[in-house]
Structures are given as structure tokens and as C-alpha cells.
Amino acid sequence: MPTALVRNGRVVTASESYDADLYIDGGKIALVGRGLSLPADTVIDASGALVVPGGIDVHTHLDMPAGELTSADDFETGTRAAAFGGTTTVIDFATPEPGQSLLAALDTWRRKAEGQAVVDYGFHMALREVGETTLAEMARLTRDEGVTSFKLYLAYPGVLQVDDAAFFRALLGARECGALPLVHAENGGVIDVLVKRALARGETAPRHHALTRPPETEAEATARAIAMAGMAGASLYVVHLSCAAALAHVTSARDRGLPVHAETCPQYLFLSIADYDRPGFDGEQYVMSPPLREAADQEALWRGLAGGDLQVVATDHCPFTLADKARGRDDFSKIPNGAPGIETRMTLLWDGGVRAGRIDAQRFVELTSAAPARIFGLWPRKGTIAVGSDADLVVWDPERETRLSVETLHMRVDYSPYEGRVVRGGPAVVMSRGEVIVDRGEWKGRPGRGQFLKRSHGAAHPA
Ligand code: URP
Ligand code: ZN
């Protein structure tokens, strides 16, 4: 079994920071101590750097069909870009075709990833309908297949949206089998009406994507989802929370002791509704759901991250090329929703969060790795640096300066929403299960080395 020694770094976990060497054997952390001098196949000098647990991105859409299109990154290109950004585990969304069994959908999505993924991966399962068969399959996926979280959409009518009855049945089912329900919380019905009215008035530009999905549509759906989770006695995880009004409902639920968790994403921290008004048609690059919000929302989200009301920063990585986006040139509602971000999450959060003094380094680890591992049933194999844990490690250079650009980023998409932004802090060396896969900007990994992760019940579930 190959061995490795990471020397002279400052180890940062969600709970501690200390100087130590790490000895790795068989892909696991075998020893943590000072002045370790064992022989090793690979020796990495981490002097002047931090050593943090590999990032875990629990919200990605790789190789995802979207009508006639498919998201631009597949499991090889997407996980490779993730690794370049310091992320060593992703949890993607398996989405059944209408009428398809969940087990068949899992098989489809596992085949998309097998032989392709360069880092470890798991799946949430999206639900389109919630009948008796679905409930039985949820139990089976949770018990036997390591798929322990299920996503429901309260948006996208006619495509993915479920009604309140189906949502409630899924919450009850998730509680019974010990799974975690995830919710995309936007009121799809209200949005549909607003979109039709806007288009009828000739309001076709990208900014109308945001104006037809006002914060109230997200806040209402978030409150409804929380209320129904409470009635079902289920826990709840709110994906891509974007605004202060929705956060207030999560905060209030948590204050009442309800097991409600929420994530936000870098785009809601660093981009704003003003980006839709960029000259020309650049605004289409920022069409995603929920849409970008106001500066005051960004500030509320930062407070939520610092104070604990938001537990996770994920990406909702769902890239489409500019040609794909141009399909909505005359009608914002035809612009495919989503943006690239799998590679830039950690560096943006370090620069705008830690360097800006909004969160400390341990909170950075908590938000990008430890909490995702605990909530989604990967802890303590992932999410920390401890004897017995996978050696998914990032030697993090806290000062490295990078100019984010489509020219140098690795995602398979022809634009970056952060083009030209200069950030400090980034991965120098990235290890996945003890193997160096990125070494100072050089790619060392290989497709297919990533392993499917069977997850256990996460800490979010009250059972
Ligand atoms: O705009 C987005 N977020 N696209 C990806 C699908 C989703 O809603 O998560
Ligand atoms: Zn999503």
C-alpha cells in the first residue's frame, strides 16, 4: 500500500488548528504527530501552508439532461475541475425520467460516473412523484444503496415540481426510513404566472428572470416546506438558499429546535441582481434559480454563515455554454438555468470569507467539508483530519493569488461568472485517499479513480 507523509503544515479541522505531520497509509490517515520521520513513498512539504480536509460539494448537476440540453460538465471534467479547486467529494443528483423507478435511475447515474469520476462521489435521489412504489424504493435506497437523501422541487411546474400532498408523503416516508429530505424552495405556481405576465408585456431580458422570481416566492416556499416538515416530524435541508427573507424562516425554525438545515452558494454571496443588467446579453450567464439577489441579502447570508443559521456552502454547479444560454436571447424563460462553480467555491469562500474577516479558518472547514460530511452521512470517513479518516487533504496556500478566468479554470464551459476577479488563497496540493491528484497546478489524477460512496444516515435526522 503506498504511503505518504505531509510535513510541517498547520492542520485545520472544524474544531482545532495545530502544527502537525500526517502519515498516510493505504489511503487513510494513519498517524498525526510532530516530527514524524517515517519513510514514505511520497513526501509533501506543507511549510507555511494549512492542511485542511478535502472539500465536499453536496450540490452538483453533472451530465444532467435539461430538455434538449445537457449540463456542460460530465463526471470526468466536473470532478477534475472540483479537484483543482480543492474539492475531493461531490454529491450529485440522480434524477429519474418520468415514470422511471428510483433504482433504475440510480443505476443510470452510477453508470454516468463510473470510469469517469476522479474524486469520490455519492448521489441524492430527486423525486418527481411520490406513490407507494416510490416510498418502498426510498426505504430500499436508504437501507441498501447508501442513497440517504431525497430532493423535492416546489418549483418548475410540469417538469419537476411536486404538489403539497406528494411533498408531505415524501417527508413522512423520509422520516420513516431515516432519510433526509432536501427541498428546492421556490413557489413554482406563482413564478409561472409572473413569467407569463412579464412575457406578455414584452419583458424578455435576463433581468426579468430575477424580477419574476422575487424573494417572497422563495420565502413562502421555504416557510411552507418547514411547516410541512414540522407536521411530518421530519428533518429538512433547504438547498441553495439565496435571500434574507427565506433565511429568516430557517433561523426561526432552528430557534424553535426544529432539525432544519440550509445551504447557500457562492453566487449568492458574491454576485447580485445588478449582474443581470450587464451590457449586451451577458446577463444570461447569471440566469439560475433562485436568481441573484440584492446586496442586503448577501450581507444576511454572510451573517447566517458566521452565526450558524446556515450550515453549508455548496455550489449548485450546473453549467451551460454561452451557445446554450443564447437560446433565450428573445425570451429569458428559455435560458437554461444554472451556472458553473464547482472549481471556485473554496477559493471564493476563503478570499471573501476568511481573508475578509467574516469567518475564521475553522468555520471555513466546517462549511465546506465537516458539516456536509456530518449532515450527509459521510462523517468521520470524510470531513475531518483524524486517524482512520480518508486522506482527502488539501495543502492550502492562504496567500496564493489567482485571477479567476475562463482561460485558466478547468470547468468545461466557455465563461466564468467571476471573470477577472482576483482572489487570494487556494490549493497547492490536493490528495484523494492519499493519492496526489493536483500538485501545484499540475494534474496527476485519472478518470475512474473516484469511488461511489454509500452514505449512512446523516446527523440531520432526529432518529
Ligand atoms: O438554476 C439552477 N439552480 N439550476 C440547477 C437546477 C436546480 O434548480 O437546482
Ligand atoms: Zn440544484
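**Figure 1. A backbone atom of S289 lies 2.8 Å from an oxygen atom of ligand 1.** The atom of S289 is a backbone N or O. Taken alone, ligand 1 exposes 260 Å², and the protein buries 96% of that area. The model shown in these views is a predicted one.

**Figure 2. Side chains of H184 and D316 also make polar contacts with ligand 1.** In H184, a polar side-chain atom lies 3.1 Å from an oxygen atom of the ligand. In D316, an N or O atom of the side chain is 2.5 Å from a nitrogen atom of ligand 1.

**Figure 3. Ligand 1 takes up the space of the largest pocket.** The residues around ligand 1 include H59, H61, K151, Y156, H240, M288, C318, N337 and G338. H184, S289 and D316 belong to this shell too. By type, the shell divides into three nonpolar, seven polar and two charged residues.

**Figure 4. H59, H61 and D316 coordinate the zinc ion (ligand 2).** Both histidines bind through NE2, and D316 through OD, at 2.0 to 2.5 Å. The spacing of these donor residues in sequence is H-x1-H-x254-D.

**Figure 5. The site of the zinc ion (ligand 2) is irregular.** Its four donor atoms make angles of 80 to 150°. For comparison, the ideal angle for four tetrahedral donors at a metal is 109.5 degrees. Four donors count as tetrahedral if all angles lie between 85 and 135 degrees, so the range of 80 to 150° at this zinc ion does not qualify.

Definitions and conventions. Residues are numbered from 1 along each chain as its sequence is written. Chains are lettered from A and ligands numbered from 1 in the order in which they are written. This is a predicted model: local features need pLDDT of at least 70, side-chain atom pairs count only at pLDDT 80 or more; totals for chains, interfaces and linings use all residues. Side-chain values use heavy atoms; hydrogens and water are left out. A residue is near a molecule or strand if one of its heavy atoms lies within 4 Å of it. A polar contact is a pair of N or O atoms within 3.5 Å; within protein, one must be able to donate a hydrogen and the other to accept it, and residues adjacent in sequence count only if both atoms are side-chain atoms. Accessible areas come from the Shrake-Rupley method with a 1.4 Å probe; for residues, only the protein chains shown count as cover. On a 1 Å grid over the protein atoms alone, a cavity is a set of points where a 1.4 Å probe fits but cannot get out, and a pocket is an open set with protein on both sides within 12 Å along at least five of seven lines; lining residues have an atom within 4 Å of a point. A molecule sits in a cavity or pocket if more than half of its atoms lie within 2 Å of its grid points. Ala, Val, Leu, Ile, Met, Phe, Trp, Tyr, Cys and Pro count as nonpolar, Asp, Glu, Lys and Arg as charged, and the others, Gly among them, as polar. Donors are N, O and S atoms within 2.8 Å of the metal (3.2 Å for Na, K and Ca); water is not among the atoms, so sites may look incomplete. Four donors count as tetrahedral if all angles lie between 85 and 135 degrees; four count as square planar and six as octahedral if opposite donors are over 155 degrees apart and all others between 65 and 115; anything else is irregular.
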